[in-house]
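Trainee: Could you take me slowly through the nonpolar interior of this chain, and then show me where nonpolar side chains also come to the surface?

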Amino acid sequence: MFTPEIEVDRGSNVRETGRITRLGNTLSLVPPPLLWIVVEGQQQRQEYNDMVYMTLMMTGVMYMNLVVRENYTTECKGEIADCHEKVAFQHIMNHRLSGIVYFSSTRDVYDLGFFEELRESE
């Protein structure tokens, strides 16, 4: 599962951390194997990056927290979420991870049956 992190302002950092917590709580109910890839920008404040890290650790879900360098234009063209997607795909390809890749949003709510259906489609 891949989740791009997008930071807009201080208030959105708190909301986004709450959303990551909600998604993490849902994912903690999904039986393994599950790898949650979260990509965030390096330009985000350290206190926010620390909150994301602590939230990911507390979920108990296996995760990869990838950080994108500040200069998005040299990494990829387009939207920040597209750049995060590219970074996640590069990580998956470089480490030859197998399985289904699902692009999630912290704004969505997921039913556990959805993850069962994903596994059945493999």
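Mentor: A residue is called buried when its relative accessible area is under 20%, exposed when that value is over 50%, and partly exposed in between. By that rule, 36% of the 122 residues of the chain count as buried in this predicted model. To find your way around, follow the elements from the N terminus, which run β-α-β-α-β-α-α-α, giving five helices and three strands.

Now to the interior itself. The largest nonpolar core has 14 residues, and Met1, Leu27 and Trp36 are those with the most contacts inside it. Helix H1 (10-27), strand S2 (36-41) and helix H2 (46-59) each supply at least two residues of this core. Apart from this core lies another one, of nine residues, including Phe2, Ile37, Val39 and Cys83.

Trp36 deserves a closer look: leaving aside residues up to four places away in sequence, Trp36 touches, among others, Met1, Ile20, Leu23, Leu27, Leu56 and Met64. For the chain as a whole, among contacts between residues at least 6 apart in sequence, 70% join residues at least 24 apart.

In soluble globular proteins, nonpolar side chains tend to be buried together. On the surface of this model, however, Tyr53, Met54, Met57 and Met58 form a nonpolar patch, with about 440 Å² of accessible area together. Tyr53 is found in helix H2, and because its relative accessible area is 40%, Tyr53 counts as partly exposed. The accessible surface of the whole chain comes to about 7600 Å², of which 54% belongs to carbon and sulfur atoms.

Note on methods
Residues are numbered from 1 along each chain as its sequence is written. This is a predicted model: local features need pLDDT of at least 70, side-chain atom pairs count only at pLDDT 80 or more; totals for chains, interfaces and linings use all residues. Side-chain values use heavy atoms; hydrogens and water are left out. A nonpolar core is a set of buried Ala, Val, Leu, Ile, Met, Phe, Trp, Tyr and Cys residues joined through side-chain atoms within 4.5 Å. Buried means under 20% relative accessible area, exposed over 50%, partly exposed in between (1.4 Å probe, protein chains only). Helices (H or I, at least four residues) and strands (E, at least two) are DSSP runs, numbered from the N terminus. Contact means heavy atoms within 4.5 Å. Accessible areas come from the Shrake-Rupley method with a 1.4 Å probe; for residues, only the protein chains shown count as cover. Patches are made of residues with over 30% relative accessible area and no salt bridge: like charges are joined within 9 Å, nonpolar side chains (Val, Leu, Ile, Met, Phe, Trp, Tyr) within 5 Å. A salt bridge is a side-chain nitrogen of Lys or Arg within 4 Å of a carboxyl oxygen of Asp or Glu.
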